[in-house]
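Q: Please give me a close look at one part of this model, the contact between its chains. Then work outward from there, and spell out the cut-offs as you go.

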Amino acid sequence: MVKFERAELFLRDLAGLSSEGQLSDALAEISREMGFHHFALTHHVDVRRSARTAIRLHNYPADWAQYYDENRLGLSDPVHRASHVTSVGFTWSQIPQLIALTRRDHDILARGVDQGIGDGFTVPAHVPGESNGSCSFANPVNWPIQSDDLPLAQLVGSFAFEAARRLWRLRSPGELTGEPLTDRQRECIIWVARGKTDWEISRILGISHETVIRHLKQARERYGVTKRTMLAVHALFDGSISFFDIFRR
Amino acid sequence: MVTIAERVRHPFESRALRAMFAARKQVFVDLLRWDVPVIDGRYEVDQYDDEHAHYIILTDDEGEHLGSARLLQTIRPHILDTLFPELCDISPPARPDALEITRFCLDRRLAASERLEIRNRLVSALVDHALASSIRTYCGVAELGWLQQILAFGWRCRPLGLPRRVDGKLLGAFAIDIAADTPALLEASGLYRPEPLQAARTPELV
């Protein structure tokens, strides 16, 4: 009961926020009360927009942040990858149950411990049509997570991410949605993802070879990429096409 | 087309209702594996589908189901008070002007981009229906993975309690407050799709 009252108080604070600094302060405060030393709220490397406009707020110690940046731990970070395969919060010690870890992943996690990064709890934030994100709460090594606070952390993470989206939208209006692909462009990209050539796609869709080339050229321009593989990856990443679109039939 | 069906006397009294109950079976039973009753092997109909339930049904030009939602009165037995009372740390709304959104259903045939569009139209119809019928609050139970989307609609959503794990799923209870400015909030999130709401003509029983 008391914990839920704390959540309500936090949500009231969120409603009145007008800057990222205030959001950061509110998150830092409630993280501490939930027994976490640090938080990090982030879009997982926003490939469509510059790093400048993607959401990233944290109060990690300088050496942790530097470690993540130096190792370019964006999408390849096992924590982020795990958050793409689940829609609810998980502790970092659960990651091996969520994704298959490579030797490099084990290395990354082990080196994180060397840097003093202990266990954490990550709340994934998936909004269809946008890059994935997450809100994590983390502790130094030897500070166990108080598991009875995790339902509260789950709520706080979800609402904080939405608050960040809202602030971000105020800062750069119109950027969140962007120009969508046309239906024909989407269809062509789905067949590209299935490995078809432009000529094959033209036969399948019953349109001319030139038209397919034009659709895919315009779609590549929309994402600012030159290769068809990157086009399919971008369209999947921002939700313009889904894995279901590719695998069905 | 958006149809609002109220005082439904028989679940199969119109084509839109039949299409909706069949789509619900495909989504909630076949896809999501919910343990809910099925009639004739084709229709998902439970004890809350009675004359007190309201339905919002989106159909295409041919009358095929696109998306739908069921609204239950909070002054009568509904999902939150009968099945999941433990999800509420504060008293959930129980008033004539508060309805519970249940069975939010997007047709399985839809591709990813169509799903988002139908979802937007359904959410817009829910808000417009609330404003036209003096509904001030919606409430509901949602899996936490779906919460981020519900929040991203931009309307005023608040939790009614801390999330809890029920049968392996993390569930939460939420309330959404609807006011005159709610359409503008959806608009600011880029998803408001207003369209006329048709009241279903209830055919006389023969």
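A: Let's fix one term before anything else: two residues are in contact if their C-beta atoms, placed from the backbone, lie within 7 Å. Keep in mind that this is a predicted model, where local features need pLDDT of at least 70 and side-chain atom pairs count only at pLDDT 80 or more, while totals for chains, interfaces and linings use all residues. Residues are numbered from 1 along each chain as its sequence is written, and chains are lettered from A and ligands numbered from 1 in the order in which they are written.

Now the contact itself. Chain A puts 30 residues into it, and chain B puts in 20. On the chain B side, the elements giving two or more residues are α3, α4 and β8 (156-159). Helices here are DSSP runs of H or I with at least four residues, strands are E runs of at least two, and both are numbered from the N terminus. The top contributor on that side is α4(B), with seven residues. By type, the side of chain B that touches chain A splits into eleven nonpolar, six polar and three charged residues. For that count, Ala, Val, Leu, Ile, Met, Phe, Trp, Tyr, Cys and Pro are nonpolar, Asp, Glu, Lys and Arg are charged, and the others, Gly among them, are polar.

Zoom in on α4(B), residues 144-152. Its buried residues are B:Leu144, B:Leu147, B:Gln148, B:Leu151 and B:Ala152. (Buried means 20 or more other C-beta atoms within 10 Å of a residue's own, exposed means 12 or fewer, and partly exposed is in between, with C-beta atoms placed from the backbone.) Those buried residues cover an arc of only 130° around the axis, which puts them on the same side of α4(B). The arc is taken over the directions from the helix axis to the C-beta atoms. After α4(B) comes B:Gly154, with a positive phi near 95°.

Two other spots in chain B have a positive phi without being glycine. B:Asp40 has a phi near 55° and sits in the loop between β2 (38-39) and β3 (43-44). It counts as exposed because it has 10 C-beta neighbours inside 10 Å. B:Ser134, with a phi of about 55°, is in the loop between α3 (112-132) and β7 (137-143). B:Ser134 has 9 C-beta neighbours inside 10 Å, so it also counts as exposed. For background, most residues other than glycine have a negative phi.

Next, the nonpolar packing. A nonpolar core is a set of buried Ala, Val, Leu, Ile, Met, Phe, Trp, Tyr and Cys residues joined through C-beta atoms within 7 Å. The largest one has 84 residues, and the members touching the most others are A:Leu41, A:Ala160 and B:Leu126. Helix α7 of chain A (residues 150-171) supplies the largest share of this core, nine residues. Setting aside neighbours within four places in sequence, A:Ala160 contacts A:Leu14, A:Leu23, A:Leu27, A:Leu41 and A:Cys135. Another core lies apart, with 14 residues that include A:Leu181, A:Val192, A:Val212 and A:Ile241.

A:Leu23 and A:Leu27 turn up again in helix α2 of chain A, where the buried residues are A:Leu23, A:Ala26, A:Leu27, A:Ile30 and A:Ser31. They fall within an arc of 130° seen down the axis, so they line one face of α2(A). The face turned away from that buried side carries the exposed A:Gly21 and A:Glu29. This helix (residues 20-33) has 14 residues and spans 20 Å from first C-alpha to last, close to the 20 Å expected at 1.5 Å a residue; the expected span is 1.5 Å times one less than the number of residues. A:Gly35 follows α2(A), with a positive phi near 90°.

Finally, step back to chain A as a whole. It comes to twelve helices and five strands, and 35% of its 249 residues are buried. The domain assignment gives domain 1 (2-171) and domain 2 (183-247), with bounds from an automatic or database assignment. Their C-alpha centres lie 33 Å apart. Six residues of domain 1 are in contact with five of domain 2, and the domain 1 side divides into two nonpolar, two polar and two charged residues.
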